Amino acid sequence: IMALETQIMADMKAAMKAKDKVSLRGIRAIKSAILLAKTDGSGQAIDEAKELKILQKLIKQRQDSLKIYEDQNRPELAQIEKEEIAVIQKYLPEQMSEDELRAAIQGIIDKTGANSMKDMGKVMGMSSKTFQGKADNRMVATIVKELLSK
């Protein structure tokens, strides 16, 4: 059985008992995303990599909404998105700092012999696998571009 699903069920009960509406919203979003993934007809087992993808997708959706609400000056709606992002992020592995990421990406660039922007795909491919769930892909792409364009 999936570790994430078990964790979510336990946390949901705890949040209900504590009447923690904020956590409950985020946890319910994860629970429904897991249910959707289990019944998507693909027949694929939900492994740790798939769990990470589900969580990252939920966070990305909320970040996109957050930006829209901030642009439209809707602080009350933006606050809901921020709260849910915080709840969902608790289930992701600890995120790498920008410095750690920069050093690791430089290592990948050195290892692959990449030396220009035309090597970006190769570096991004390795980086995506290496940092799955530990770093935001947009930040990875930004650092890769910056390091390759030196």
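In the predicted model, the buried residues of helix 4 are Ala-78, Glu-81, Glu-84, Ile-85, Val-87 and Ile-88, a set in which two glutamates accompany nonpolar residues. The cover over these buried positions includes helix 2 and helix 3. Helix 4 itself runs over residues 75-89, and its length is consistent with a regular helical rise, because 15 residues at 1.5 Å a residue should span 21 Å and the end C-alpha atoms are indeed 21 Å apart.

A charged residue of helix 3 belongs to the same surroundings. Arg-62, which is placed in helix 3, has a relative accessible area of 11% and is therefore classed as buried, the cut-off being under 20%. When neighbours within four places in sequence are left aside, Arg-62 is in contact with Glu-81, Glu-84, Ile-85 and Ile-88, and also with Ala-29. Of these partners, Glu-81, Glu-84, Ile-85 and Ile-88 are themselves among the buried residues of helix 4.

The largest nonpolar core comprises 23 residues, within which Leu-4, Ile-8, Ile-27, Ile-30, Leu-55 and Tyr-91 have the most contacts. At least two residues of this core are supplied by each of helix 1 (3-17), helix 2, helix 3 and helix 4. A second core, separate from this one, contains 16 residues, including Ile-105, Val-123, Met-124 and Ala-141. Such groupings follow a general pattern, in that nonpolar side chains tend to be buried together in soluble globular proteins. The contacts of Ile-30 illustrate the arrangement in the largest core: with residues up to four places away in sequence not counted, Ile-30 touches Leu-4, Ile-8, Leu-55, Leu-58, Ile-88 and Tyr-91.

Two pockets were examined. The largest pocket has a volume of about 430 Å³, and of the 16 residues that line it, Gln-56, Ala-135, Asp-136, Asn-137 and Arg-138 are the closest to its centre. Helix 3 (48-71) and helix 7 (137-148) each supply at least two residues of this lining, with helix 3 giving the most, namely five residues. By class, the lining of the largest pocket divides into eight polar, four charged and four nonpolar residues.

The second largest pocket, with a volume of about 220 Å³, is lined by residues that include Ala-29, Leu-36, Lys-50, Lys-53, Lys-57 and Gln-61. Leu-58, which is touched by Ile-30, also belongs to this lining, as does Ala-29, one of the contacts of Arg-62. Helix 2 (21-38) and helix 3 each contribute at least two residues to the lining of the second largest pocket, and the largest share, six residues, comes from helix 3. The composition of this lining is six nonpolar, two polar and three charged residues.

Backbone geometry was also considered in two loops. Lys-19, located in the loop between helix 1 and helix 2, has a phi near 55°, a positive value in a residue other than glycine; with a relative accessible area of 70%, Lys-19 is exposed. Asn-73, found in the loop between helix 3 and helix 4, likewise has a positive phi, of about 55°, although it is not a glycine. At 62% relative accessibility, Asn-73 also counts as exposed, because the cut-off for that class is over 50%.

Key:
Residues are numbered from 1 along each chain as its sequence is written. This is a predicted model: local features need pLDDT of at least 70, side-chain atom pairs count only at pLDDT 80 or more; totals for chains, interfaces and linings use all residues. Side-chain values use heavy atoms; hydrogens and water are left out. On a 1 Å grid over the protein atoms alone, a cavity is a set of points where a 1.4 Å probe fits but cannot get out, and a pocket is an open set with protein on both sides within 12 Å along at least five of seven lines; lining residues have an atom within 4 Å of a point. Grid points are joined across faces, edges and corners, and a volume is the space filled by probe spheres set on the points. Helices (H or I, at least four residues) and strands (E, at least two) are DSSP runs, numbered from the N terminus. Ala, Val, Leu, Ile, Met, Phe, Trp, Tyr, Cys and Pro count as nonpolar, Asp, Glu, Lys and Arg as charged, and the others, Gly among them, as polar. The expected span of a helix is 1.5 Å times one less than its number of residues. Buried means under 20% relative accessible area, exposed over 50%, partly exposed in between (1.4 Å probe, protein chains only). Contact means heavy atoms within 4.5 Å. A nonpolar core is a set of buried Ala, Val, Leu, Ile, Met, Phe, Trp, Tyr and Cys residues joined through side-chain atoms within 4.5 Å.
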